Amino acid sequence: MLNRETIANLVLAALLLAVPLAANAFGQPFYVTLATRVAILALAAAGLNLALGLGGLVSFGHAAFFGLGGYAAGILATHAFSGDPLLFGWTGTNQMPVIWLVAMLVAGLVGLFIGLISLRTSGVYFIMITLAFAQMVYYFAISWPAYGGEDGLSILVRNQFPGVNTMKPVSFFLICYGVLITALAFFVLVRASRFGSALQAARQNEVRVATVGIAPYRIRLTAFAVSAAITGLAGALFADLNRFVSPSMLSWHMSGELIVLIILGGTGRLFGPLAGAALFVVFEYVLGGLTERWQFFLGLILLGTVLFARGGLLGLLAGKARHG
Amino acid sequence: MTLALALEQLLNGLQLGVMLFLMAAGLTLIFGVMGLINLAHGSLYMVGAFACAAVAAATGSFWLGLVASLACAAAAGAIVELLVIRRLYDRDHLDQVLATFALILMFSEGTRWLFGSFPLYLDIPPLLQGAVALPGGAQYPVYRLAIIAAGALVAFGLYLLIGKTRLGMRIRAGESDREMIGALGVDIRTLYTVVFALGAALAGLAGAMVGALQSVQVGMGEPVLILAFVVIVIGGIGSIKGALLGALLVGVVDTMGRFLLPQMLALFVPPSQAGLIGGAAASMLIYVMMAIILAMKPRGLFPAAHA
Amino acid sequence: MAEPVLELSDIVKSFGALRATDHVSLDLKPGEIHALIGPNGAGKSTLIHQICGTLRQDSGTIRLAGRDIGHLGVAERSRLGLGRTFQVSSLAPEFSALRNVMLAVQAQQGSSFRFFKPVMRDASLIDRSMAMLERVGLQDRARIPAAELSHGERRQLEIAIALALNSKAFLLDEPMAGMGPEGSKVLTGFLDTLRQEAPILLVEHDMDAVFALADRISVLVYGRVIATGTVEEIRRDPAVRTAYLGDHA
């Protein structure tokens, strides 16, 4: 028996696949790129959704992981291109699977470190501290000139994936789509698992979790690091999409946008990030086409959503969230 | 390194600290009394700077501009509180963050709409131009000293306001017991609007004063906002005393770090390298300091009673 | 004489000048219900916080089954067998009654770091949790979110959770509070049998329940235990009558 949310999810997933394929068939690569952007932003937000939606951890610093993933891709590709050794004689790589692994590892480890300190606090402290740590990474990227500093770093040739011509927009889209669906499947599994139970319970009632003998801190720290790793993976793909990495990927606007994506779509929902990312990119494209001041109206829409439509897009489509 | 140079940097640090205090005081007050996290505080700073620059350009008087900045920021604060913020007090922090993030987008784009994309410039008033000699021979701008003095004055004023007046008593009551002051018949909605406008005015004042040191442009409030967050996290959210000490600490450590770290590194590595590494390290210094303080005291140096 | 399961020795806790817990010693023996009573502000809550680990005592030791737990965190104490219920029910409100119990069962089984097997297809979790719900009579309400349960049902659910933890000792904080007369009667009967499973430290205002259930009673006044004894001994104790029952006694 399919409920409304499942139907909405399937339709969204099908649309995200069908629109760029159709656009490609009609020779409109621009829309393929737009759809790729949706998929990557959705992936980044899906990572955050693990911490924020399931764990209730309002991280205002996920841009740090997004950017670190991006820089991992950029730096590895730069070294692979120039042949200069990066670490222990390794000259980087232009193979996406390796890059993804490194991006997830770096973002996950930094997430672990940031979480280690930030998760000692909660509420508004947590929001501000994650924000501040992300700014730290941002300022470091700006003031460290080796990889472009403020100007960013170009990836001259898009990185490669075995057996695929990544330079074709539709091929690269399919890679990103595949990664996104894998990540969403992972999200489903985790949400239903013992770990997911403990994480969601810790959001609802921390004392209850401790009282049955589960330490919320360790659960949250794990969730935060995994969440960081997924967002880092999205960052690596984003760098390959634009063939460019800059500190703006690390900026606090980015962190804000990732939260916005989740809220626009519907907090804690499996497809919330995808719905939100699609909505966001469409707003950006449609509003941006109508007026130079589209950010003003984006703010207005966001404000309206927060004040009056808290369920987000999926809340409107699928009704109230259900919990087992 | 000369003593005069070090003294100059120390004063610069103090000046930064004072600015941060003006921002942080409003943030921490708004959080302490209303339990609200306001990302749009940096926008009010920007409003103050633009109001001051626009009025000063039109009238030729910095001082009229300063008055305008206070009035505009306070008015913007009051309007925003009435229209948006008061719907957020009962919401969780996530909703507050998002709604005030939306306000930033609207303020930034709205300002660009009104004033265009080019930065405005604000001249230092004639009275405060020039420099004074510091011990050791260096010259230090009078205007920066005036900012430090103004900040000290505001800090003292806030101390009097909160410690000695009726309004201050209500603010303190609001911090410790929200239900109680409602029960005592204080009009809590008006109190909240007043507190929000007061915080906004302080931010606007900071923006106006800094506007004469750098260009007045959209987005200028955001770096300051984030530093102000660091300040109140270090000081303890809700504590004015914590905001003051945190602000001075962050101001001085940040400025002195940028000044000293490259020089210290130059003792060990070639100068070009030292500038590079030192600069990068200095930009991270206050965040490292914050991490260390929080690792030891998760609720900051002066934790408020609740929150 | 049997070894006490839970043993508090010489616990002291001060907040500034206020001594909230003043050299308290208490023990809980196998099979007994030991009631802790005292007027409001006597320091019962502070003491409970110290037993379950949300507050740290200034001095003194707390032992559970012979092991010093006084320096451990809340989660660790629970894992070692301290099962508690709350004065105001504390549950995961969005989770069903069943999933609330399942959380305890999964904690009790060991690892919460399993990422892929769905809990709702995990028979070892569900069967045991349903058994616990049956014991407290909630089996028909298993799928209802905790937030939608009645006050009394939430109480029962908390007890089911404590049962699922295989607790060595129960710490029940005013389980009768807010229960109607009928509910109190049922619960009293249930606690009467529960003591066979593990001894109960019962903090309670409802004197009918206390006198019906308790093997021993300790009276806490101004942070001190002024008397410990059987129901009869406490009824007769002049110090208790003055301090607790008031002047008219």
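Colleague: How many salt bridges does the rule find across the interface of chain C and chain A?
Modeller: This is a predicted model. One pair that qualifies is A:Arg203 with C:Glu94, their closest N and O atoms 3.2 Å apart. The cut-off is 4 Å, so this pair counts. Across the interface of chain C and chain A, the rule gives three salt bridges.

Colleague: Which element gives the most to the side of chain C that touches chain A?
Modeller: Four helices of chain C each give two or more residues to that side: H2 (74-79), H3 (97-109), H4 (123-135) and H5 (151-164). The top contribution is six residues. The helix behind it is H3(C).

Colleague: How many residues of the side of chain C that touches chain A are nonpolar?
Modeller: The contact takes 34 residues from chain C and 29 residues from chain A. On the chain C side, eight are polar and eight are charged. The nonpolar residues number 18.

Colleague: What area is buried between chain C and chain A?
Modeller: Carbon and sulfur atoms give 59% of it. In chain C, the residues that lose the most area to chain A are C:Glu94, C:Phe113 and C:Phe115, together 22% of what that side buries. C:Glu94 is also the salt-bridge partner of A:Arg203. The area buried between chain C and chain A is about 2900 Å².

Colleague: Now chain B and chain A. What share of the area they bury is on carbon and sulfur atoms?
Modeller: Chain B and chain A bury about 4300 Å² between them. In chain B, B:Leu98, B:Phe101 and B:Met106 lose the most area to chain A, together 14% of what that side buries. The share on carbon and sulfur atoms is 81%.

Colleague: Which side chain meets A:Arg293 in a salt bridge?
Modeller: The count between chain B and chain A is one salt bridge. Its N to O distance is 3.2 Å. The cut-off is 4 Å, so the pair qualifies. The partner of A:Arg293 is B:Glu109.

Colleague: Where does the largest share of the side of chain B that touches chain A come from?
Modeller: Helices H4 (93-115), H9 (221-235) and H11 (271-296) of chain B each supply at least two residues of that side. The largest share is 16 residues. Its source is H4(B).

Colleague: How many residue pairs are in polar contact between chain B and chain A?
Modeller: The contact takes 50 residues from chain B and 42 residues from chain A. Only pairs with both residues at pLDDT 80 or more are counted. The count is seven.

Notes. Residues numbered from 1 in each chain as written. Chains lettered and ligands numbered in written order. Predicted model: local features only at pLDDT ≥ 70, side-chain atom pairs only at ≥ 80, totals over all residues. Heavy atoms only, no water. Contact = heavy atoms within 4.5 Å. Buried area = accessible area lost by both parts, 1.4 Å probe. Polar contact = N/O pair within 3.5 Å; in protein donor to acceptor, adjacent residues only side chain to side chain. Nonpolar A, V, L, I, M, F, W, Y, C, P; charged D, E, K, R; others polar.
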